[in-house]
Structure formats: structure tokens, C-alpha cells
Amino acid sequence: KFYLFCSAILFTNLLRLILATAVHPRLALLTSTIFKAADDLWHAAIILLLLMLSFAGIATWQFGDEWHQFRTFGATLKTQFEMMFGEFPENWADDPNMSAYTMFYFVVVFLLVQNFLLAIIVQALMDVRQDNIDLETECEFFTDMWLAIGVHWKAFRRGWPSQFKLGRTMMKWQCKKSVGFKELKALKIFSSDEKIGEFLDYYLQFPFLEPDAVGEYPTTSQEGGEVVDALERRLANLVGYKVQTLRELAEENIRIAEERRSLKQQKYSNALAKVVVVGAPASSSGQTLCSVENSKNGEKETRLDSALTSTNEAKDEANSADTAIDEFNSADEVLTWLESSKVGAPPSNQSSN
């Protein structure tokens with residue numbers, strides 16, 4: 001019992017050592033792979049268990065009297081476990097029934113299920129490696145150790161506030177994408193402005209902490225766009241709203257442009273109708289010739305000038321709407337233009353239309 005207790009302590013310490021490697025992403029390959037593949041491994045283990053029990057029942061019933069490896073159900077399970085690693089019973093090819101059983105077990109368990117398990121583990125390992133590549137804040141293990149020790153020494157020597165105090169204060173902030181001199185000075189935990197400058201200079205040496213560049217035209221990085229899309233999808237799920245795709249947005253904009261064109265053309269037709277009511281026929285170019293009686297010339301000319309002005313304005317607006325809608329006649333044209341355009345470029349005549 002004493003040796004059993006000591007063995008339990010040793011295995012517990014071994015487990016704690018494995019879990020302790022999760023302190024750094026580069027060392028956490030084992031633990032991260034297991035955690036990421038745990039769900040798939042669990043379901044694959046259920047399939048493997050069912051197959052092993054089924055094969056063990058068949059082998060015990062059929063070969064238990066002739067083969068000592070299959071006399072009991074437990075012995076059969078032990079034999080099948082050895083067969084998973086290539087250790088098959090001796091002279092198994094001499095018995096046709098044993099040959100058929102062994103080949104079927106080899107194909108189902110050894111080739112298929114066992115390779116399923118390996119594929120799940122390899123895929124989880126590749127996902128963990130990709131996560132480490134995308135993680136910008138980590139370096140090599142010993143480099144991170146040196147930086148962690150060095151920042152504490154610099155904070156003590158330069159009089160910076162403790163990381164615990166600074167982090168507890170900054171956790172109260174909301175919707176802060178970046179922190180600068182003004183925000184740190186407002187905390188009132190640095191002894192002087194020079195300390196704030198030294199603090200910012202130290203952390204700006206890391207590329208992932210550099211602020212986004214601001215140019216003449218607003219730009220959005222790919223990572224920022226993905227974050228915005230993710231937030232939009234989450235909010236849409238909360239309120240039960242379906243997020244529109246780029247094609248749907250383009251089709252909606254085309255529909256709105258067509259409605260505006262119809263309204264412009266209707267306004268143009270109404271203006272022409274006013275001219276006709278006054279008594280001046282409308283030509284195809286929108287110009288009108290007035291023939292009125294000399295006695296009412298002054299009054300009618302005033303009314304005709306007003307109508308002509310409205311007609312020409314309505315026609316110009318209708319032509320502008322026609323030009324805009326002719327630029328993009330379908331959602332496919334809008335999508336093609338968006339793909340060929342660069343983010344942040346100055347708007348052209350086509351994009352403004």
C-alpha cells in the first residue's frame with residue numbers, strides 16, 4: 001500500500017508537470033492539442049470501444065475453445081489491444097476462420113479507426129501551431145522569460161506603478177482601442193510626465209503595440225474588419241436580425257437608385273404637364289415655344305418662365321439619376337468594382353455616382 005501511495009504521488013507530480021507547460025504557448029503544444037482534440041477524441045473513443053467489444057464477443061465465442069488468446073473475454077480484449085500495434089496471434093494464417101477475422105479486424109480497427117485517431121491529433125496540433133503563428137504577443141520561451149524579468153527591474157528602477165495597480169485601473173475602461181499619453185496622465189498614478197514618456201517608449205518597441213497609422217483617407221485593416229464583422233454577427237443574433245451579405249447590400253442600393261430615378265422622371269413629367277396646361281407645347285429636347293395673346297402676354301410669360309425653369313431642373317435631375325444608375329446596372333457590377341477598388345482610395349466619379 002505504501003508503494004501504491006508513492007506511485008500515486010509520482011503520477012500526480014507528473015500530471016502537474018505536464019499541466020505546468022501550459023504557462024507558455026510554445027510549451028503548451030501537448031496540453032493545447034489535447035484540449036482542442038478532446039471532443040473529437042471522446043467520440044472516436046466511443047466508436048473504438050463499441051468495435052472492440054463487438055470483436056471481442058465474436059472472437060471469444062468462435063475461437064475460445066481452440067485458441068488460448070481468446071479463452072476469456074478479458075484475454076480477448078488484451079489480445080485485440082496487442083493486435084492494434086501489430087502483434088497478431090501465431091499461425092493465424094493457418095486457420096481460415098482466424099484469417100478472415102484477423103483481416104477484418106486489421107482493416108476496420110488497425111487501418112481505419114486508429115488512423116482516425118491519428119488524424120484528429122494531427123489536425124489539432126496544426127490548429128495549435130496556427131494559433132501560435134497568429135499570436136503576436138509571444139516570443140521564444142527564454143526570450144519571454146528575460147523580458148518578464150527585465151520589465152519588473154525597469155519598473156522598480158524607473159519608478160513606474162506596479163502592473164497590478166495599473167491593470168486594475170485600466171480594466172475599468174471600456175471601448176479603448178489604444179492608450180496614449182493623455183489617458184495615462186489622467187490615471188494620476190505616474191509621478192511625472194517623464195515617467196509616462198519612458199513607459200510608452202519601452203512598450204512601443206514591440207511591433208504589436210504600435211498604433212494604427214492614420215492617413216488622409218480612412219482605412220481598415222483586415223483584422224479590424226474581421227472584428228467588426230464578428231461583432232455585427234453577434235449583435236444580429238442577439239436581436240434576431242439577419243446580416244446582409246455584400247451582394248444583398250448591392251442589390252438593395254440598385255433598387256433604391258431605380259426608385260429615385262422613377263421619382264425624378266415623375267417629377268419631370270409633372271413639370272412638363274404644367275407647361276402644357278399653361279398652353280405651351282413641349283418638344284423632345286425640353287424646350288417650349290409659347291404662343292399667347294398679346295393682351296395676356298406679360299402674365300403668361302411669367303408663368304411660362306417659372307414652368308420652364310422647373311422643367312429644366314427636373315430634366316437635369318432625371319438625367320443625373322439616369323447617369324448614376326447606368327454606372328451600375330446590376331449587383332454583379334457593384335461587386336466587381338468593389339473587388340477592383342483599393343481601400344482608402346480617393347473617390348472617383350464612378351464611385352460617387
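A residue counts as exposed when its relative accessible area is over 50%, and as buried when that area is under 20%. The views below come from a predicted model.

**View 1. The chain is built from helices, with 13 helices and 0 strands.** From the N terminus on, the elements run α-α-α-α-α-α-α-α-α-α-α-α-α. The chain has 353 residues, and buried residues make up 22% of them. About 25900 Å² of the chain is exposed. Carbon and sulfur atoms supply 60% of that area. Take the contacts with a separation of 6 or more: residues 24 or more positions apart account for 59% of them.

**View 2. W153 and F156 form a tilted aromatic pair.** A search of the whole structure finds 19 aromatic pairs. In the pair of W153 and F156, the rings lie 6.2 Å apart, centre to centre. The angle between their planes is 35°. Both residues sit in helix α5, which spans residues 141-158. W153 and F156 are 3 residues apart in this helix, so about one helical turn separates them. Are W153 and F156 buried or exposed? Both are exposed.

**View 3. W160 and Y202 form a tilted pair that links distant parts of the chain.** Their ring centres are 5.9 Å apart. The pair counts as tilted because the planes stand at 50°, and tilted covers angles that are neither under 30 degrees nor over 60. Where do the two residues sit? W160 is in the loop between α5 and α6 (163-170). Y202 is in helix α8, residues 193-203. The two are 42 residues apart. Both W160 and Y202 are buried, whereas W153 and F156 are both exposed.

**View 4. Ring pairs link six residues into a cluster: F55, F63, F70, Y101, F104 and Y105.** Among its members are the tyrosines Y101 and Y105. F55, F63, F70 and F104 also belong to this cluster.

**View 5. K36 lies in helix α2 and touches residues far along the sequence.** Helix α2 spans residues 29-63. How accessible is K36? Its relative accessibility is 39%, so K36 counts as partly exposed. That value falls between the 20% and 50% cut-offs. Which residues does K36 touch, not counting those up to four places away in sequence? They are A124, D127, V128 and D131. Look also at I121: K36 and I121 are 85 residues apart in sequence. In space, they are 8.9 Å apart, C-alpha to C-alpha.

Notes. Residues numbered from 1 in each chain as written. Predicted model: local features only at pLDDT ≥ 70, side-chain atom pairs only at ≥ 80, totals over all residues. Heavy atoms only, no water. Helix = DSSP H or I, 4+ residues; strand = E, 2+ residues; numbered from the N terminus. Buried < 20%, exposed > 50% of the residue type's maximum accessible area, 1.4 Å probe, protein only. Contact = heavy atoms within 4.5 Å. Areas by Shrake-Rupley, 256 points an atom, 1.4 Å probe, with all protein chains shown as cover. Phe/Tyr/Trp six-rings, centres within 6.5 Å; stacked < 30°, edge-to-face > 60°.
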